[in-house]
Amino acid sequence: MSARRLAEQQPDSFEFTPENKAWLDRQIAKYPPGRQASAVIPALWQAQKQHDYWLPQKAIEKVADLLGMPYIRVLEVATFYTMFNLEPVGKFFVQVCGTTPCMLRGSDAIIEVCQKRIGEQRHVTADGLFSWLEVECLGACCNAPMVQINDDYYEDLTAESFAKLLDDLAAGRPTHVGPQNGRNRSEPLGGLTALTEFYGADGKSGPLSDPAAAAQPAHPGK
Amino acid sequence: MAKIIVDGIEVDVPAEYTLLQAAETAGKEIPRFCFHERLSVAGNCRMCLVEVKGGPPKPTASCAMSVKDLRPGPNGEPPEMFTNSPMVKKAREGVMEFLLINHPLDCPICDQGGECDLQDQALAFGRDRSRYTENKNAVENKYIGPLVKTEMTRCIQCTRCVRFTAEICGTSDMGNIGRGEDSEITTYLQSAMRSELQGNVTDLCPVGALLPRPQNFRARPWEYTKTPGVDVSDALGANIRIDTRGREVIRILPRINDAVNEEWISDKARQSVDGLKLQRLDRPYLRENGRLRPASWSEAFGAIAAKVQATSPDKTGFIGGDLSSVEDLFAAKALADKLGVKNIDARQDGAKLDPKNGRASYLFNASVEGIDAADALLIIGSNPRWESPVLNARIRRRWRAGDFHIAVIGEPHDLTYPYEHLGAGPDALAKVARGEGFGEVLAKAERPLILVGAGALAREDGAAIAALAAKLAVKGDWNGYSVLHTAASRVGALDIGFVPGEGGLTAAAMAKAGALDLLFLVGADEINVEPGAFVVYVGTHGDRGAHRADVILPGAAYTEKSGLYVNTEGRVQLTDRAGFPPGDAREDWAVFRALSAVLGKTLPFDSLAQLRALLNKAVPHMAQIDEIEKADAGALTKLPAGALSGAAFVSPITDFYLTNPIARASKVMAECSALAKGALKQAAE
Ligand code: SF4
Ligand code: FES
Ligand code: FES
């Protein structure tokens, strides 16, 4: 990571939609009076969701005004967490985990696909569809390597399956969220090896045999 | 109290003391970067690691752990800590090595070199060589205002500056953005800091990341001659250190005095130094055919003597200035007395304060330290943030401690702490005096502080307002009636009775056209003297007084003389001479002494020592340097009540950065002023 800055092109204003404002008021109300600054992360998060998945300067200031915080305090939070995007991102925003377990399981190949298919990190493709970012552990190490695309995890990737995933997204085809290699959630790839008398046989868990379960919701997009 | 053994020395300290403080009590100094006595504990630099027994079996940050957190030994022995064990030595070396990884090796071109904590501690506690061969991290410099130059690659992220602006200044200007090795200290989108105390971050910064911009590359710390002085830019009398190189004052730093300024000074006190060199009067001038021309001392004295002879005492007057020392005013007053002149006054702003009402009527009786003890505060006609930023920071500190009700009558400025705004003028005060609204809070308070500013006193009904305010302030032993003056010389002038004698005119009356034929301005630049009188100006700068003058006698600025100043709480303080006045200029008291001889009214002193002896005889408490002679609160009850007008209180300070001739001559202050005005305009939009 290098130093993160606010985007050069900024919108002139930012307002929460009435629904989001109401939602935010409920979050603020969770904290005792005088402690409304505690709601800064949910507030920024909601602002980012509302604003094409990135935070403009005016949104940072809006949140600060709403919570009675100095602007710099909110900027500190927004620049600290990489989950807050300070620049526009693609319609499909790919966060590639590059931390040790994923790296050992081949995240370098995934990153290579990104570079070839999307280009430089933190750059949006000309068609506005993709941008990517290398991030630290996203907590799905057992299914390494993995990426997060918008709100969804795609796991157990290979260069091929990941390239296909990107093609599917670009073409608007439905995708399969979760492991891409037929594994069920984070269970052993070859099926359960323990507690088999309790699980697997009745379809509660185990290797994907149930076509209904396989048809998990396609990627909803935005 | 709790016992703790530091390197084998047993000490008894308050249980809430940090290990670092306990070690200091035992006489062991612990290196530190992020810890600062007057800021909250951050615990992020790790330089203060020590070894403890009775706590976690790893090096412990001594600034962030308190004595009461440690467990006693198995048989109840007091906990032990070590500041010089092998573990500590290794830990310090390790921390230092990490800090230096990304710190540039540019000490030879760094202004901080020679007074740099990192440099000193690397020498004392670091390894003798570096094992780091990778590239160093570089950080972009930031603009954070005209007073502070940044070199952010040098920053070690101690966050002292961040905590200072958030906690002491109350402006929350600085922050730490990004994370990890990309952490950067900056203001919000590189805007200028907004505090009147921002210059202090250059003292706090333990490395050369934040440096005073006006002093950039001017001198090395070891080249300075250091002289203890007293600031005159406001009436607080902050203790300063005047650093000179050769004849030139290069910089002014705070001196620690917990009773007055702790360790802060305002930006005006610190950075109007360039004003000491600009616009200076370095020789006498005479006005001839409407133009001022350089003259010799004897010519100038001759012209004055002729005028004095031709003028009767009741058509002659003396106005004392805001920056004059007690000695200057004492000498001027002595001359006036010899001439039989009754028209003398140092209250250029027309403040309705009179020594005959007792000293309590014009002091900040609660004392600056007393702010910490006060339990309610009413500010009347004052904007303490501009009238004395350091005092305002003290009020803010008291507010942060909690349980402190503050109300303001007057203009509603941003004071960096919340307050209740009761109204604009005397009506609101009358209401409080009747015990309504905030009056109830005051009635319940045991130590109410009533801060009365020049905005409430320098007006027709000033005396009546003072009487009303005084009634609210005295409770038993507590006298909370506190006048915040705006002029450094004011209390001293009132102490020596630099006010009109029987039938004499006030400053405002003297300045009126036709009132006088001959007027001496003793460094008085804040008053507009109408045409008519022959004006003799004794002072330092080509400011308002000099422009109006017919004869100019060049005097010495506060860094160029040894002098007494009495601050707003009545504390007598002595400032030392750090350099000589430029050219032919002389100290003001010596000018009056020389002039008196020409006039055939020789004053009875030939040296400053003799003058001080006379002064001490006349006003005994002037001999008690650094002391406050407590004023008798009884006099306050006798203040004459009077009718109140309806007009709103207006603070006399409209531009914090330009309140005296030195600051008005300073280019740095002009820049700050322009910036602040721009910001004000923006805020108003
Ligand atoms: S700029 Fe100086 S005071 Fe501020 S965090 Fe960096 S080293 Fe500390
Ligand atoms: S290391 Fe990639 S998800 Fe944990
Ligand atoms: S001084 Fe203790 S961690 Fe910095």
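Here a trainee and a mentor talk through a predicted model and the terms used to describe it.

Mentor: A word on ground rules: this is a predicted model, where local features need pLDDT of at least 70 and side-chain atom pairs count only at pLDDT 80 or more, while totals for chains, interfaces and linings use all residues. Residues are numbered from 1 along each chain as its sequence is written, chains are lettered from A and ligands numbered from 1 in the order in which they are written, and side-chain values use heavy atoms, with hydrogens and water left out.

Trainee: Let's start with chain A. How many helices and strands are there in chain A?

Mentor: Chain A has eight helices and five strands. Helices (H or I, at least four residues) and strands (E, at least two) are DSSP runs, numbered from the N terminus. Read that way, the order in chain A is α-α-α-α-β-α-α-β-β-β-α-β-α.

Trainee: And what share of chain A counts as buried?

Mentor: Of its 222 residues, 43% are buried. The word means under 20% relative accessible area, with exposed meaning over 50% and partly exposed in between (1.4 Å probe, protein chains only). As for the accessible surface of chain A, it comes to about 11600 Å², and 54% of that belongs to carbon and sulfur atoms. Such areas come from the Shrake-Rupley method with a 1.4 Å probe, and for residues only the protein chains shown count as cover.

Trainee: Why is Met96(B) called buried?

Mentor: Its relative accessibility is 1%, and buried means under 20%, so Met96(B) counts as buried. Met96(B) sits in helix 2 (residues 86–101) of chain B. Leaving out residues up to four places away in sequence, it touches Phe33(B), Met47(B), Leu118(B), Gln121(B), Ala122(B) and Gly126(B). A contact like that means heavy atoms within 4.5 Å.

Trainee: What makes Lys561(B) buried?

Mentor: Same test: 3% relative accessibility falls under 20%, so Lys561(B) is buried. You'll find Lys561(B) in the loop between strand 26 (551–554) and strand 27 (563–566) of chain B. Beyond its neighbours within four places in sequence, its contacts include Asp328(B), Asp576(B), Arg577(B) and Glu587(B). Another of those contacts is Asp588(B), which is itself among the buried residues of helix 18 (residues 588–598) of chain B. After helix 18 of chain B comes Gly600(B), with a positive phi near 75°.

Trainee: Why is Arg122(A) called partly exposed?

Mentor: Its relative accessible area is 28%, which lies between 20% and 50%, so partly exposed is the right label. Arg122(A) is placed in the loop between helix 6 and strand 2 of chain A. Its phi is positive, about 60°, although it is not a glycine.

Trainee: And why does Gln190(B) count as partly exposed?

Mentor: The value for Gln190(B) is 32%, again between the two cut-offs, so it counts as partly exposed. Gln190(B) is in the loop between strand 8 (184–187) and helix 5 (201–204) of chain B. It too is a residue other than glycine with a positive phi, near 55°.

Trainee: How is the packing of two helices described?

Mentor: By the angle between their axes and the distance between the axes. Axes are lines fitted to C-alpha atoms, for helices over the stretch in contact, and angles run from 0 to 180 degrees between N-to-C directions. Helix 2 (residues 40–50) and helix 3 (residues 57–67) of chain A pack at about 145°, with axes 10 Å apart. Their contact has eight nonpolar, no polar and no charged residues.

Trainee: What makes a residue nonpolar, polar or charged?

Mentor: Ala, Val, Leu, Ile, Met, Phe, Trp, Tyr, Cys and Pro count as nonpolar, Asp, Glu, Lys and Arg as charged, and the others, Gly among them, as polar. Now try helix 6 (residues 107–117) and helix 7 (residues 159–171) of chain A, which pack at about 40° with axes 9 Å apart. Among the residues that meet there are Arg117(A) of helix 6 and Asp167(A) of helix 7. By class, that contact has nine nonpolar, no polar and two charged residues.

Trainee: Which residues come nearest to ligand 1?

Mentor: Of the 13 around ligand 1, those are Cys155(B), Cys158(B), Thr159(B), Cys161(B) and Cys205(B). Being near takes a heavy atom within 4 Å. The shell divides into 11 nonpolar, two polar and no charged residues.
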